[in-house]
Amino acid sequence: MEGDRASSAVPRLAVVGHPNKGKSSLVATLAEDDSVSIGRDPGTTIESRAYPLRIDGRPLYTLIDTPGFQRARRVLAWLQERARREGATAADRPRLVAGFVAEPSHAARFPDECELLRPIVDGAGILYVVDGGVPYGPEYEAEMEILRWTGRPSMALINPIGKDDHVGPWQVALGQFFRVVRVVDAVEADHDTRRRLLLAFGELEADWRDPIETAVAALDEVRVAHRRQSAREIAELMADALSLVVEKRLGPEEDPSDLEAGLEQEYKRRLVRLEATHRKAIQRIHGHHGLEARGSELEVLESDLFSQGTWLRFGLRRRDLAAAGAAGGAATGGTIDLALGGTSLLLGVTTGAMLGGVLGWLGATRLAGIRIVHRPLGGRLARFGPSRNPGFAFVLFGRARHHRRLVASRTHAVRETLDLGETADERLPLDTAMRKRLEKSFAILRTPDLPAVVRADETEVLVRTIEAILDADDSRSGKKRSPDGAGGYFHDGDGSLRGSRRRAV
Ligand SMILES: Nc1nc2c(ncn2[C@@H]2O[C@H](COP(=O)(O)OP(=O)(O)OP(=O)(O)O)[C@@H](O)[C@H]2O)c(=O)[nH]1
Ligand SMILES: [Mg+2]
């Protein structure tokens, strides 16, 4: 059947190695699956498990997570003894390994080796993972030899976990056992690095090239689609936040100023909720389903949007604040040329005195005020919002942009909480044309009682502006990681992509 043929062509790769070398991390990164168990201590993975990467329900390739080798020397001794007794040649070795896995007593004696070798015996390719941060040693040779005996296409990945650099000796040793040797950070690998790694897999076996090239093309498309969906999410957040109002009916004798504090509080609560919902959506788009449930990032995300500290940490750099303050201070009559939002636009001069003023300006300036609305059928409403503070829109946008960038570039092997503050100093530039386009859309979207059709049209305009900004963000972060275009985390054994294929011994 056509379908069966197609699925049997899906490349399967078993990720194997010593315990605690980042095997599961690599599986999580390449299968883009945050459900893979990763642990600080050795022995986290005790069973082999397949993680297919699916796009639109179609599996493109499958990574198989496996437990680490525990008794490799004994297993090799068993194989060598069996080979000696049978007078076996190299051509018999794959059959001997299959015989080892099938031997009934071995499930209890060598549970880890049986688990990890079974998928290979069943036809998976081999990704052998080592830690390039610790020295090479002969204890790895038995496991590499066993893998060689399987006769399956193989590749070694040096994952630098430890602090020291022992990559050189590892390359020499691994090159004698594996056809291809690469250095890849299992946790940090960016899109381009993963892409090149996949293409290298495709070269391991003739049947894999086409499906892998299809997979890489599909992953590229998904990346663009995710960016588009994220741009829409951010645009909708902006439209919702900029049009946000909270209202309360005023009694005939009631003084509106008595209601103001309560309305403002409710307004802020609603904004915080809007942002939290938006962030969950962005995380979902990128398949980081477990992110919010783990650890304390929710507290970070829900921290007060309006505190000066938060603005500094998440949205704005000091220099931007100073620049904005200068602009804000100078502005009269509503011509505030703001350039804010995790974005640096005005190249202002920062001085301590200026900064103080700026913080005051940003922190103390009202987000919105209360207005009394007379209803056509009588009665009065106290209305808080929409915010006309131009800085607010850019702060909110900058926070969303910063969060999206971190989520989009995060691999599925990262288990730490999402720390938006850690990289708050990072510069996310915004050119003047883009800033003006944003300002225009923001101004329209904050117009009170905006007709729905105008709002929908302007949101579409905003989606396109934001998509262009996110596109630039992604190409900038790609360049930063690999300034030489070769990929900072991706080295070939001998320094060139084409020359990296090594002959199996
Ligand atoms: N800094 C850093 N840490 C890593 C990297 N790869 C793995 N780790 C960490 O190393 C530990 C082990 O990672 P795992 O992916 O669970 O390793 P494993 O080989 O699957 O381990 P077992 O299943 O126990 O055999 C975890 O704490 C990871 O976060 C890496 O590239 N860089
Ligand atoms: Mg594991």
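**Figure 1. Helix 3 (residues 72–86) and its length in the predicted model.** At 1.5 Å a residue, the 15 residues of helix 3 should span 21 Å, and its end C-alpha atoms are 21 Å apart, which agrees; the expected span is 1.5 Å times one less than the number of residues in the helix. Helices (H or I, at least four residues) and strands (E, at least two) are DSSP runs, numbered from the N terminus. Just after helix 3, Gly 87 takes a positive phi of about 60 degrees. Residues are numbered from 1 along each chain as its sequence is written, while chains are lettered from A and ligands numbered from 1 in the order in which they are written. Because this is a predicted model, local features need pLDDT of at least 70 and side-chain atom pairs count only at pLDDT 80 or more, whereas totals for chains, interfaces and linings use all residues.

**Figure 2. The two faces of helix 3.** Ala 72, Val 75, Trp 78 and Leu 79 are the buried residues of helix 3. They cover an arc of only 130 degrees around the axis, which puts them on the same side of helix 3; the arc is that of the directions from the helix axis to the C-beta atoms. A residue is buried if 20 or more other C-beta atoms lie within 10 Å of its own, exposed if 12 or fewer, and partly exposed in between, with C-beta atoms placed from the backbone. The buried residues pack against helix 4 (93–102), helix 6 (111–121) and helix 7 (141–150), whereas the face turned away from them carries the exposed residues Ala 77, Glu 81, Arg 84 and Arg 85.

**Figure 3. Helix 8 (residues 167–174) and the strands that it packs against.** Trp 170, Gln 171 and Leu 174 are buried in helix 8. Seen down the helix axis, these buried residues fall within an arc of 100 degrees, so they line one face of helix 8. They pack against strand 4, strand 5 (154–159) and strand 6 (180–183), while the exposed residues Gly 168, Pro 169 and Val 172 lie on the face turned away from the buried side.

**Figure 4. Strand 1 (residues 12–17) and its paired strands.** Five of the six residues of strand 1 are buried, so the strand is largely enclosed by the rest of the structure. Strand 1 pairs in the parallel sense with strand 3 (residues 58–65) over four bridges, where two strands pair if DSSP finds at least two bridges between them, and Arg 12 has Thr 62 of strand 3 as its bridge partner. Strand 1 also runs parallel to strand 4 (residues 125–131), to which five bridges join it; here the bridge partner of Ala 14 is Ile 126.

Technical notes: Two residues are in contact if their C-beta atoms, placed from the backbone, lie within 7 Å.
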